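Dear colleague,

Please find below the structure that I am handing over to you, together with its sequence. My notes on the charged side chains follow directly after it.

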Amino acid sequence: MLKLSTKKLLFLLAITCVSVSATNKELYEANNKNEKKIYKKYDAISGNTEAISNNLTNDLILSTSLFYQTEMDKILNLVSNKSEKSKIKKVFADSQSVVISIINLNGSIFPKELEGYGYVNQNKSTLSTVAMEAYLFNINSYFEYSKDETSFVSNSDYIYDYLYFKGSTMTKEDFKKLNSTEIDAELTKKYKELDNSITNLKIENAKEKNAYIKEYNKSLDTLKKNFKAYNDSYSKLVNSSTYTPEVKDKLLLFPKYQMIMNLTYFITELKEGL
(Lines give C-alpha, C1' and ligand atoms only; values in the text may rest on other atoms or scores of the structure.)
Protein backbone atom coordinates (compact mmCIF):
# COMPACT_ATOMS: atom_id res chain seq x y z
CA MET A 1 0.00 0.00 0.00
CA LEU A 2 1.40 3.39 -1.01
CA LYS A 3 2.01 5.83 1.83
CA LEU A 4 1.03 9.39 0.97
CA SER A 5 1.13 12.67 2.77
CA THR A 6 -2.24 14.19 3.67
CA LYS A 7 -1.64 17.04 1.22
CA LYS A 8 -0.90 14.68 -1.67
CA LEU A 9 -3.88 12.44 -0.88
CA LEU A 10 -6.24 15.44 -0.76
CA PHE A 11 -4.88 16.57 -4.13
CA LEU A 12 -5.53 13.17 -5.68
CA LEU A 13 -8.97 12.88 -4.10
CA ALA A 14 -9.90 16.30 -5.41
CA ILE A 15 -9.09 15.50 -9.02
CA THR A 16 -10.98 12.20 -8.90
CA CYS A 17 -14.26 13.75 -7.74
CA VAL A 18 -16.24 13.76 -10.98
CA SER A 19 -19.89 13.47 -11.84
CA VAL A 20 -21.46 10.17 -12.87
CA SER A 21 -20.50 9.31 -16.44
CA ALA A 22 -22.87 7.26 -18.55
CA THR A 23 -20.56 6.08 -21.32
CA ASN A 24 -17.14 4.45 -21.46
CA LYS A 25 -15.87 7.36 -23.52
CA GLU A 26 -16.95 9.84 -20.83
CA LEU A 27 -15.26 7.74 -18.16
CA TYR A 28 -12.02 7.77 -20.11
CA GLU A 29 -12.19 11.51 -20.70
CA ALA A 30 -12.81 12.16 -16.99
CA ASN A 31 -9.81 10.09 -15.92
CA ASN A 32 -7.69 11.58 -18.67
CA LYS A 33 -8.34 15.04 -17.21
CA ASN A 34 -7.09 13.76 -13.87
CA GLU A 35 -3.90 12.50 -15.48
CA LYS A 36 -3.28 15.82 -17.21
CA LYS A 37 -3.49 17.62 -13.87
CA ILE A 38 -0.88 15.29 -12.41
CA TYR A 39 1.44 15.73 -15.39
CA LYS A 40 1.03 19.49 -15.12
CA LYS A 41 1.99 19.32 -11.45
CA TYR A 42 5.17 17.41 -12.25
CA ASP A 43 6.03 19.61 -15.21
CA ALA A 44 6.55 22.39 -12.66
CA ILE A 45 9.13 20.29 -10.80
CA SER A 46 12.68 20.79 -12.00
CA GLY A 47 14.98 17.83 -12.53
CA ASN A 48 14.63 14.35 -13.97
CA THR A 49 15.55 11.92 -11.22
CA GLU A 50 14.46 8.38 -10.47
CA ALA A 51 12.68 9.60 -7.34
CA ILE A 52 10.61 12.09 -9.36
CA SER A 53 9.81 9.42 -11.95
CA ASN A 54 8.74 7.00 -9.22
CA ASN A 55 6.53 9.63 -7.55
CA LEU A 56 4.88 10.53 -10.86
CA THR A 57 4.21 6.89 -11.62
CA ASN A 58 2.77 6.23 -8.17
CA ASP A 59 0.54 9.32 -8.36
CA LEU A 60 -0.81 8.31 -11.78
CA ILE A 61 -1.59 4.78 -10.61
CA LEU A 62 -3.16 5.92 -7.35
CA SER A 63 -5.23 8.57 -9.11
CA THR A 64 -6.70 6.01 -11.50
CA SER A 65 -7.23 3.59 -8.62
CA LEU A 66 -9.20 6.23 -6.69
CA PHE A 67 -11.16 7.09 -9.83
CA TYR A 68 -11.96 3.40 -10.41
CA GLN A 69 -13.06 2.99 -6.78
CA THR A 70 -15.19 6.15 -6.90
CA GLU A 71 -16.99 5.14 -10.08
CA MET A 72 -17.54 1.60 -8.81
CA ASP A 73 -19.04 2.99 -5.59
CA LYS A 74 -21.43 5.10 -7.64
CA ILE A 75 -22.57 2.04 -9.55
CA LEU A 76 -22.90 -0.06 -6.39
CA ASN A 77 -25.01 2.64 -4.73
CA LEU A 78 -27.48 2.34 -7.61
CA VAL A 79 -27.71 -1.46 -7.46
CA SER A 80 -30.53 -2.55 -5.15
CA ASN A 81 -30.26 -6.32 -5.55
CA LYS A 82 -27.99 -7.65 -2.78
CA SER A 83 -26.83 -10.68 -4.75
CA GLU A 84 -25.94 -8.60 -7.78
CA LYS A 85 -24.14 -6.05 -5.60
CA SER A 86 -22.12 -8.83 -3.95
CA LYS A 87 -21.11 -10.21 -7.36
CA ILE A 88 -19.99 -6.77 -8.56
CA LYS A 89 -17.87 -6.30 -5.44
CA LYS A 90 -16.20 -9.67 -6.10
CA VAL A 91 -15.49 -8.67 -9.71
CA PHE A 92 -13.94 -5.41 -8.51
CA ALA A 93 -11.72 -7.17 -5.96
CA ASP A 94 -10.56 -9.76 -8.50
CA SER A 95 -9.80 -7.08 -11.09
CA GLN A 96 -7.45 -5.34 -8.66
CA SER A 97 -5.46 -8.57 -8.29
CA VAL A 98 -5.13 -8.81 -12.08
CA VAL A 99 -3.87 -5.22 -12.31
CA ILE A 100 -1.16 -5.94 -9.73
CA SER A 101 -0.23 -9.11 -11.62
CA ILE A 102 0.12 -7.19 -14.89
CA ILE A 103 2.42 -4.68 -13.18
CA ASN A 104 4.51 -7.50 -11.73
CA LEU A 105 4.73 -9.29 -15.08
CA ASN A 106 5.91 -6.05 -16.66
CA GLY A 107 8.60 -5.82 -13.99
CA SER A 108 9.79 -9.36 -14.65
CA ILE A 109 9.84 -8.96 -18.44
CA PHE A 110 11.45 -5.51 -18.39
CA PRO A 111 13.62 -5.35 -15.24
CA LYS A 112 14.78 -1.90 -14.23
CA GLU A 113 18.41 -3.05 -14.17
CA LEU A 114 18.27 -3.73 -17.92
CA GLU A 115 15.77 -1.20 -19.22
CA GLY A 116 16.16 1.80 -16.91
CA TYR A 117 13.66 3.29 -14.49
CA GLY A 118 12.11 5.66 -17.05
CA TYR A 119 11.00 2.92 -19.43
CA VAL A 120 9.82 0.63 -16.64
CA ASN A 121 7.84 3.38 -14.91
CA GLN A 122 6.20 4.46 -18.15
CA ASN A 123 5.12 0.89 -18.84
CA LYS A 124 3.95 0.47 -15.26
CA SER A 125 1.72 3.55 -15.22
CA THR A 126 0.34 2.95 -18.73
CA LEU A 127 -0.44 -0.74 -18.27
CA SER A 128 -2.06 -0.28 -14.85
CA THR A 129 -4.12 2.72 -15.96
CA VAL A 130 -5.38 1.01 -19.10
CA ALA A 131 -6.17 -2.18 -17.17
CA MET A 132 -8.19 -0.37 -14.50
CA GLU A 133 -10.05 1.65 -17.11
CA ALA A 134 -10.78 -1.54 -19.06
CA TYR A 135 -12.23 -3.31 -16.04
CA LEU A 136 -14.31 -0.23 -15.23
CA PHE A 137 -15.57 -0.21 -18.84
CA ASN A 138 -16.69 -3.84 -18.42
CA ILE A 139 -18.84 -3.11 -15.39
CA ASN A 140 -20.07 0.18 -16.81
CA SER A 141 -21.15 -1.55 -20.05
CA TYR A 142 -22.93 -4.21 -18.00
CA PHE A 143 -24.62 -1.67 -15.73
CA GLU A 144 -25.59 0.91 -18.35
CA TYR A 145 -27.29 -1.75 -20.46
CA SER A 146 -29.75 -2.32 -17.61
CA LYS A 147 -30.64 1.40 -17.72
CA ASP A 148 -30.46 2.01 -21.45
CA GLU A 149 -30.14 -0.88 -23.90
CA THR A 150 -29.19 1.48 -26.71
CA SER A 151 -25.95 2.36 -24.88
CA PHE A 152 -24.44 -1.07 -25.39
CA VAL A 153 -23.25 -0.73 -28.98
CA SER A 154 -21.33 2.50 -28.38
CA ASN A 155 -19.85 1.25 -25.09
CA SER A 156 -18.83 -2.02 -26.72
CA ASP A 157 -17.28 -0.29 -29.72
CA TYR A 158 -15.34 2.02 -27.43
CA ILE A 159 -13.74 -0.92 -25.63
CA TYR A 160 -12.51 -2.36 -28.92
CA ASP A 161 -11.33 1.03 -30.18
CA TYR A 162 -9.59 2.17 -27.01
CA LEU A 163 -7.80 -1.07 -26.18
CA TYR A 164 -6.79 -2.10 -29.68
CA PHE A 165 -3.01 -2.33 -30.02
CA LYS A 166 -1.48 -1.61 -33.42
CA GLY A 167 0.90 -4.54 -33.12
CA SER A 168 -2.05 -6.94 -33.40
CA THR A 169 -2.15 -9.34 -36.33
CA MET A 170 -5.96 -9.09 -36.41
CA THR A 171 -8.06 -6.01 -37.07
CA LYS A 172 -10.59 -4.62 -34.62
CA GLU A 173 -13.39 -5.80 -36.87
CA ASP A 174 -11.92 -9.32 -36.91
CA PHE A 175 -11.85 -9.35 -33.11
CA LYS A 176 -15.47 -8.25 -32.94
CA LYS A 177 -16.48 -11.26 -35.05
CA LEU A 178 -14.84 -13.84 -32.78
CA ASN A 179 -17.03 -16.15 -30.75
CA SER A 180 -16.14 -17.54 -27.33
CA THR A 181 -14.26 -20.59 -28.66
CA GLU A 182 -12.31 -18.52 -31.17
CA ILE A 183 -11.23 -15.87 -28.68
CA ASP A 184 -10.17 -18.59 -26.22
CA ALA A 185 -7.97 -20.05 -28.95
CA GLU A 186 -6.51 -16.61 -29.71
CA LEU A 187 -5.73 -16.02 -26.04
CA THR A 188 -3.98 -19.41 -25.78
CA LYS A 189 -2.02 -18.56 -28.91
CA LYS A 190 -0.86 -15.25 -27.41
CA TYR A 191 0.33 -16.92 -24.21
CA LYS A 192 2.42 -19.30 -26.33
CA GLU A 193 3.78 -16.43 -28.42
CA LEU A 194 4.86 -14.60 -25.29
CA ASP A 195 6.53 -17.75 -23.95
CA ASN A 196 8.42 -18.15 -27.22
CA SER A 197 9.48 -14.51 -27.17
CA ILE A 198 10.91 -14.95 -23.68
CA THR A 199 12.67 -18.22 -24.52
CA ASN A 200 14.27 -16.74 -27.65
CA LEU A 201 15.69 -13.67 -25.91
CA LYS A 202 19.42 -13.26 -26.41
CA ILE A 203 20.81 -13.34 -22.88
CA GLU A 204 24.31 -14.79 -23.14
CA ASN A 205 24.83 -15.67 -19.50
CA ALA A 206 22.95 -18.95 -19.00
CA LYS A 207 22.55 -18.45 -15.25
CA GLU A 208 21.08 -14.96 -15.73
CA LYS A 209 18.73 -16.20 -18.45
CA ASN A 210 17.48 -19.09 -16.30
CA ALA A 211 16.84 -16.70 -13.40
CA TYR A 212 15.07 -14.30 -15.76
CA ILE A 213 12.82 -17.06 -17.18
CA LYS A 214 12.08 -18.39 -13.69
CA GLU A 215 10.91 -14.95 -12.53
CA TYR A 216 8.86 -14.53 -15.72
CA ASN A 217 7.17 -17.92 -15.28
CA LYS A 218 6.32 -17.11 -11.66
CA SER A 219 4.76 -13.76 -12.62
CA LEU A 220 2.87 -15.23 -15.57
CA ASP A 221 1.46 -18.11 -13.50
CA THR A 222 0.17 -15.61 -10.92
CA LEU A 223 -1.38 -13.49 -13.67
CA LYS A 224 -3.12 -16.51 -15.20
CA LYS A 225 -4.45 -17.58 -11.79
CA ASN A 226 -5.78 -14.11 -10.96
CA PHE A 227 -7.20 -13.57 -14.42
CA LYS A 228 -9.09 -16.87 -14.18
CA ALA A 229 -10.54 -15.79 -10.83
CA TYR A 230 -11.62 -12.46 -12.37
CA ASN A 231 -13.06 -14.10 -15.45
CA ASP A 232 -14.99 -16.58 -13.30
CA SER A 233 -16.53 -13.91 -11.04
CA TYR A 234 -17.27 -11.64 -14.02
CA SER A 235 -18.91 -14.55 -15.89
CA LYS A 236 -21.10 -15.37 -12.88
CA LEU A 237 -22.26 -11.75 -12.75
CA VAL A 238 -23.06 -11.58 -16.46
CA ASN A 239 -24.69 -15.01 -16.67
CA SER A 240 -26.92 -14.27 -13.67
CA SER A 241 -28.43 -11.28 -15.47
CA THR A 242 -31.62 -11.30 -17.52
CA TYR A 243 -29.84 -9.86 -20.55
CA THR A 244 -30.22 -11.39 -23.99
CA PRO A 245 -27.85 -14.25 -24.90
CA GLU A 246 -26.24 -12.03 -27.54
CA VAL A 247 -25.44 -9.26 -25.05
CA LYS A 248 -24.14 -11.76 -22.50
CA ASP A 249 -21.85 -13.29 -25.12
CA LYS A 250 -20.50 -9.86 -26.06
CA LEU A 251 -19.87 -8.90 -22.43
CA LEU A 252 -18.02 -12.15 -21.76
CA LEU A 253 -15.62 -11.50 -24.64
CA PHE A 254 -14.30 -8.19 -23.24
CA PRO A 255 -11.88 -9.49 -20.55
CA LYS A 256 -10.25 -11.97 -22.94
CA TYR A 257 -9.89 -9.32 -25.62
CA GLN A 258 -8.27 -7.04 -23.05
CA MET A 259 -5.81 -9.73 -21.97
CA ILE A 260 -4.92 -10.47 -25.61
CA MET A 261 -4.07 -6.80 -26.06
CA ASN A 262 -1.86 -6.85 -22.95
CA LEU A 263 0.03 -9.90 -24.18
CA THR A 264 0.33 -8.45 -27.68
CA TYR A 265 1.94 -5.36 -26.21
CA PHE A 266 4.54 -7.41 -24.34
CA ILE A 267 5.27 -9.53 -27.43
CA THR A 268 5.68 -6.44 -29.62
CA GLU A 269 8.01 -4.73 -27.16
CA LEU A 270 10.13 -7.88 -26.83
CA LYS A 271 10.80 -7.94 -30.57
CA GLU A 272 13.36 -5.23 -29.87
CA GLY A 273 15.08 -7.57 -27.40
CA LEU A 274 16.62 -6.74 -24.07
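Lysine 74 counts as buried in this predicted model, because its relative accessibility of 18% falls under the 20% limit. Its side chain meets that of glutamate 71 in a salt bridge, with 3.1 Å from N to O. Glutamate 71 is buried as well, at a relative accessible area of 3%. Both residues belong to helix α3, where 3 residues, about one turn of the helix, separate them.

A similar arrangement occurs in helix α6, which spans residues 117–147. There, lysine 147 and glutamate 144 form a salt bridge (3.3 Å, N to O), and they too are 3 residues apart, about one turn of the helix. Glutamate 144 is buried, with a relative accessible area of 6%.

Another pair involves lysine 41 and aspartate 59, whose closest N and O atoms are 3.7 Å apart. This salt bridge links distant parts of the chain: lysine 41 lies in helix α2 (residues 24–43) and aspartate 59 in helix α3 (residues 50–78), 18 residues apart. The two partners fall into separate accessibility classes: lysine 41 is partly exposed at 30%, whereas aspartate 59 is buried at 0%.

Salt bridges also join Asp157, Glu173 and Lys176 into a network.

How many salt bridges does the count give? The count comes to 11 salt bridges, including the pairs described above. As general background, side chains of opposite charge can pair when their charged atoms come close.

With kind regards

Note on methods: Residues numbered from 1 in each chain as written. Predicted model: local features only at pLDDT ≥ 70, side-chain atom pairs only at ≥ 80, totals over all residues. Heavy atoms only, no water. Salt bridge = Lys/Arg side-chain N within 4 Å of Asp/Glu carboxyl O. Helix = DSSP H or I, 4+ residues; strand = E, 2+ residues; numbered from the N terminus. Buried < 20%, exposed > 50% of the residue type's maximum accessible area, 1.4 Å probe, protein only.
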